[in-house]
Amino acid sequence: LDQLAAAAQDWPGTRSEAVATPTDADWLARIGAALDRYFHVRRISSEEPSLAGPLARERLLLELARARWLLLRGDLSGTSATLASARGVTAAAFPGEDAGVAAGLATLDELLALPWSAEPPSLGEARRELA
């Protein structure tokens, strides 16, 4: 998870960052185009998939940190759900044709394929058996 979070820092910009601002536009149009990435009001239908937004990289890093914390805590079902959420953010926000993003998606798929239902060993079990 740490390696995936470090690799995500080098991934290309999110799809919402890819909107180009015309360089020959006046200053008001450039400001409007820059703010449009963060504040865009429009009607959407319930069937339209939502994009991850301009803060997708930060959301992905938070999801990976949360998965790491849940794993250390021993909450395996929560870890699996958080990894699935991180995979959804990655697939929705980052271009899948990039080699780094594709490797990250493959890593998340491998992690999601692990048997997350098994119980971890309880600490002190060997001492109890010896006693």
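## A walk through a helical protein

Both W11 and F94 are buried, and they make a good place to begin our tour of this predicted model. A pair of aromatic rings is described by the distance of the centres and the angle of the planes. By the rule used here, the count of aromatic pairs comes to one. That pair is formed by W11 and F94, which meet edge-to-face, with 5.3 Å from centre to centre and 70° between the planes. Follow the chain and you will see that the pair links distant parts: W11 sits in the loop between α1 and α2 (27-36), F94 in the loop between α4 and α5, and 83 residues separate them.

These two residues also belong to a bigger picture. The largest nonpolar core has 18 residues, and the members that touch the most others are W11, L60, L64 and F94. Two or more residues of this core come from each of α1, α3, α4 and α5. Helix α4 gives the most, with five residues.

Now step back to the whole chain. The protein has six helices and zero strands, so to read its elements from the N terminus on is to read α-α-α-α-α-α. Of its 131 residues, 24% count as buried. Among contacts between residues at least 6 apart in sequence, 69% join residues at least 24 apart.

Let us zoom in on helix α4, which spans residues 76-93 and holds T82. Is T82 buried or exposed? T82 counts as buried, because its relative accessibility is 1% and the cut-off for buried is under 20%. Leaving aside neighbours within four places in sequence, T82 is in contact with E63, R66, A67 and L70. With R66 there is also a polar contact between the side chains, at 3.4 Å.

One of those partners, E63, is worth a visit of its own. E63 lies in helix α3, and beyond its neighbours within four places in sequence, E63 is in contact with T82, S85 and A86. Which side chain of opposite charge is nearest to E63? The nearest is R66, 4.2 Å away, and E63 is buried yet has no salt bridge. The reason lies in the cut-off: a salt bridge needs the nitrogen and oxygen within 4 Å, so the distance of 4.2 Å does not qualify.

Where, then, are the salt bridges? Side chains of opposite charge can pair when their charged atoms come close. Here the count comes to two salt bridges. In one of them, the side chains of D2 and R68 meet at 2.6 Å, N to O. This pair links distant parts of the chain, with D2 in helix α1 (residues 2-8) and R68 in helix α3 (residues 56-73), 66 residues apart. R68 is partly exposed, as its relative accessible area is 27%. As for how R68 lies relative to T82, the two are 14 residues apart in sequence and 9.4 Å apart in space, C-alpha to C-alpha.

The other salt bridge joins D109 and R87, whose closest N and O atoms are 2.5 Å apart. D109 lies in helix α5 (residues 99-112) and R87 in helix α4, so the pair ties together parts that are 22 residues apart in sequence. Both ends of this bridge are partly exposed: D109 has a relative accessible area of 36%, and R87 has one of 26%.

Methods: Residues numbered from 1 in each chain as written. Predicted model: local features only at pLDDT ≥ 70, side-chain atom pairs only at ≥ 80, totals over all residues. Heavy atoms only, no water. Helix = DSSP H or I, 4+ residues; strand = E, 2+ residues; numbered from the N terminus. Buried < 20%, exposed > 50% of the residue type's maximum accessible area, 1.4 Å probe, protein only. Contact = heavy atoms within 4.5 Å. Polar contact = N/O pair within 3.5 Å; in protein donor to acceptor, adjacent residues only side chain to side chain. Lys, Arg positive; Asp, Glu negative; His and termini not counted. Phe/Tyr/Trp six-rings, centres within 6.5 Å; stacked < 30°, edge-to-face > 60°. Core = buried A, V, L, I, M, F, W, Y, C linked by side-chain atoms within 4.5 Å.
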